[in-house]
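Reader: I should like to understand how the terms used for a protein model are justified. Please take me through some of them.

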Amino acid sequence: MINLEVPKKAGALINQAYQAAAEVFRPISRKYDRAEHTYPAELDMFAALLDGLNSSGEGGAGAAGVRRSGSDDSAKGNRNGANLNVVLGTIEMCWGDVGLLLSMPRQGLGNAAIGSVATDEQLERFSGMWAAMAITEPAFGSDSAAVSTTARLDGDHYVLNGEKIFVTSGERADAVVVWATLDKSKGRAAIKSFVVEKGTPGFEVVRTEHKLGIRASDTAVLRFENCRVPRENLLGTPEIDTKKGFAGVMQTFDNTRPLVAAMAIGVARAALEETREILTAAGVTIDYDRPANSQHAAAAEFLRLEADYESAYLLTLESAWMADNRQPNSLQASMAKAKAGRSVVEIALKCVELTGAYSEESLLEKWARDAKILDIFEGTQQIQQLIVARRILGKTSTELK
């Protein structure tokens, strides 16, 4: 049974992440929101600290993988491990600034993909690499099965051709985990992921995008034209198993969706804390011992938003805890992502409305812009609800579209 209290052993990690968010991220948050596409040099030292935490096995606030292989005694019983630690650390860091967390070297979503499905040899070979994730293409958004970038085996290399858009850290990262199909005629089962390192001939960063939010991070358009990738850079198995579908590459989402939910929770908590301070300064008392309908309208609305936040928070902890305990968490990961993504948008916008913080004098304005992407990337609200429905109803993707 899951214990909903934060594990005591995670206390030091949470405190360190909070201090970094308060002392490093918050002071430069507005600076890099305005200076879009400028790399935050202040992150280099902190990234090295996170590398140390991750290599020690304690986990940090970066990307880790969901790895359920193995049947030793350590996998038995209830465990609070790296996935829960990463989620708790991510919440604290995004309380500071979500765009800056996404800019952290070696903590990209591609690193989560490598951590989830790479072989032990690949884990060692790609250790220390900063990897972005490239899935979306100009012809599709949320339907990951519609990948049209191709990978053709030619001797000891795969030849990649296609274009990817909205790639977070696509310009700054050392490599990109690219989703491509080995055979379009075989559908989802032929979709595989490849680690493509920067400098590989045929790999081009076309441009970086100007964005509504998370402006500290770079979002790039990438093109692959007869790009030759060593065959050993394919993550997982090269075999096309039509019965298994593309469960191998999709396993990545079991980890990254709780991470994005954690990002949303961090932003939502920041907005709620700021709003509480502003309401209190304005003389509005938030009383937990009185019914909401007998309090100031702003206090009643705040209590509703806080309850929404709590439910998203608990769903996210559950999905991470399940991963640590070797339990399939695809349903819970999608539930957490759907709930947290929707909640952070409403919370951030309502906090702006309650406080009138519509100018750059307050970070509430920035958080309201940052929030929307957390409801979109790693699968939109609509896609998450579709996945949840399929899981609950026992329907396949063909039966329920």
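The exchange below treats helices, rings, charges and strands in turn.

Author: This is a predicted model, in which local features need pLDDT of at least 70 and side-chain atom pairs count only at pLDDT 80 or more, while totals for chains, interfaces and linings use all residues. Residues are numbered from 1 along each chain as its sequence is written, and side-chain values use heavy atoms, with hydrogens and water left out.

Reader: How do you know that the span of helix 3 agrees with what is expected?

Author: Helices (H or I, at least four residues) and strands (E, at least two) are DSSP runs, numbered from the N terminus. The expected span of a helix is 1.5 Å times one less than its number of residues. Helix 3 (residues 82-96) has 15 residues and should therefore span 21 Å; its end C-alpha atoms are 21 Å apart, which agrees.

Reader: What makes the pair of Tyr18 and Trp95 tilted?

Author: The whole structure holds five aromatic pairs. Rings of Phe, Tyr and Trp (its six-membered ring) pair if their centres lie within 6.5 Å; planes under 30 degrees apart count as stacked, over 60 as edge-to-face and the rest as tilted. Tyr18 and Trp95 are 4.7 Å apart centre to centre, with 40° between the planes, and the pair is tilted. Tyr18 lies in helix 1 (residues 11-34) and Trp95 in helix 3, so the pair ties together parts that are 77 residues apart in sequence.

Reader: Why is Trp95 called buried, and why is Tyr18 called partly exposed?

Author: Buried means under 20% relative accessible area, exposed over 50%, and partly exposed in between (1.4 Å probe, protein chains only). Trp95 has 7% relative accessibility and so counts as buried; Tyr18 has 32% and so counts as partly exposed.

Reader: Why is the pair of Tyr309 and Tyr313 called stacked?

Author: Their ring centres are 6.2 Å apart and their planes stand at 20°, so the pair is stacked. Tyr309 and Tyr313 are four residues apart in helix 8 (residues 297-324), and therefore about one helical turn separates them.

Reader: What makes Arg26 lie over the face of Trp95?

Author: A charge sits over a ring if NZ of Lys or CZ of Arg is within 6 Å of the ring centre and within 35 degrees of the ring normal. Arg26 lies over the face of Trp95, at 3.9 Å from the ring centre.

Reader: How do you know that strand 4 and strand 5 pair?

Author: Two strands pair if DSSP finds at least two bridges between them. Strand 4 (residues 175-181) and strand 5 have seven bridges, in the antiparallel sense.
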